[in-house]
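Here is a friendly walk through one protein model, written for someone who works at the bench. Please keep the structure open beside the text as you read.

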Amino acid sequence: MKKLITFSLFFSAIVISAYNPIGAQEIKETGIIDLAGKWVIPPIYDEIITPSRDTDIDTSFMTAVKDEHIGVIDIRNNILIPFKYRSFGKNIDGVIELKDENKKWGVMDKKGNIIIPFEYDYVRYSFGEEPTIVKKGEKYGCVDSKTGKEILPCKYNNVDADWDIIYVK
């Protein structure tokens, strides 16, 4: 079977993706090898999303896709967050926005601890002291970014936050 191989450099390792470019069945295999050619993460994933080195994104973990589900692994292929999520958002400050099977968003840290519960239709996580904007139905509110505790209930048409100031409409 003919395979198309793509490479991308990730720190001192290379992400390798192989797939069949032609044919009824798409075969994807993505893994990571070190610069000596040794597999660090075997090619068992549909996709591995590695963080960019020139951003503030936490590079100690990676989002991966396996069997159409999203999870989080580290560079040693330890599963940090199980492969049961449907979508993901930002990976900032050691946490990641995730959408569960019920199509609700929440925020977890890289150890799998839930910071903001999976009960929102939208989450805009903010690191540091700035509150996280959340949405239930058509209404917005805010929760504490570190504890997930409600600051403003989801009853506003629009909410924005700028450090210690919350704007509501």
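Let's begin with a pair of residues: Arg124 has Ile133 in strand β14 as its bridge partner. Strand β13 (residues 122-124) runs antiparallel to β14, and 3 bridges join them. Strands here are DSSP runs of E with at least two residues, and helices are runs of H or I with at least four, numbered from the N terminus. Two strands count as paired if DSSP finds at least two bridges between them.

Before going further, a word on how to read the model. This is a predicted model, in which local features need a pLDDT of at least 70 and side-chain atom pairs count only at pLDDT 80 or more, while totals for chains, interfaces and linings use all residues. Residues are numbered from 1 along each chain as its sequence is written, and side-chain values use heavy atoms, with hydrogens and water left out.

## Confidence

The predictor's confidence in each residue is its pLDDT, on a scale from 0 to 100. The protein has an average pLDDT of 78, and 71% of the residues reach at least 70. Strand β12 (residues 114-120) has the highest confidence, at a mean of 94, whereas strand β1 (residues 4-10) has the lowest, at 45. Residues 1-12 have a pLDDT below 50, and this stretch makes 38 contacts in the model beyond near neighbours in sequence. A contact means heavy atoms within 4.5 Å. Residues 18-25 also stay under 50, with 18 contacts beyond four places in sequence. Where pLDDT is low, the predicted coordinates should not be read in detail.

## Around strand β14

Back to β14, which spans residues 132-136. Is this strand mostly buried or exposed? Of its 5 residues, 4 are buried, so β14 is largely enclosed by the rest of the structure. Buried means under 20% relative accessible area, exposed means over 50%, and partly exposed lies in between (1.4 Å probe, protein chains only).

Besides β13, β14 pairs with strand β15 (residues 139-143) in the antiparallel sense, over 5 bridges. Within that pairing, Lys135 has Tyr140 in β15 as its bridge partner. The hairpin of β14 and β15 has 2 residues between the strands, and Gly137 there takes a positive phi near 65°.

## The cysteines

How many disulfides does the model have? The count is 0, where a disulfide is a pair of cysteine sulfur atoms within 2.5 Å. For Cys142, the nearest cysteine sulfur belongs to Cys154, 8.5 Å away. Cys154 is likewise in no disulfide, with the sulfur of Cys142 as its nearest. Cys142 is buried, at a relative accessible area of 0%.

## The four-stranded sheet

An open sheet of 4 strands runs in the order β5-β6-β7-β8, with antiparallel pairing. Strands of a sheet pair through backbone hydrogen bonds, either parallel or antiparallel. Which strands stand at the edges? They are β5 (47-49) and β8 (79-85), each with a single partner strand, so one side of each is left without a neighbour in the sheet. From one strand to the next, the twist averages 20° (axes are lines fitted to C-alpha atoms, for helices over the stretch in contact, and angles run from 0 to 180 degrees between N-to-C directions).

Strands β6 (residues 62-66) and β7 (residues 69-73) are joined by 5 bridges, and Val65 stands opposite Ile70 in β7. On to the next pair: β7 and β8 run antiparallel with 3 bridges, and Val72 has Ile81 in β8 as its bridge partner. These two strands form a hairpin with 5 residues between them, and Asn77 in the turn has a positive phi of about 70°.

## Loop residues

Three loop positions can be set side by side.

| Residue | Loop | Relative accessible area |
|---|---|---|
| Ser60 | between β5 and β6 | 37%, partly exposed |
| Asp67 | between β6 and β7 | 59%, exposed |
| Lys103 | between β10 (95-99) and β11 (105-109) | 61%, exposed |

Asp67 has a positive phi near 55° without being a glycine. Lys103, also a residue other than glycine, has a positive phi near 65°.

What does Ser60 touch, not counting residues up to four places away in sequence? Its contacts are Asp74 and Lys110. Ser60 also lies 9.0 Å from Ile73, C-alpha to C-alpha, with the two 13 residues apart in sequence.
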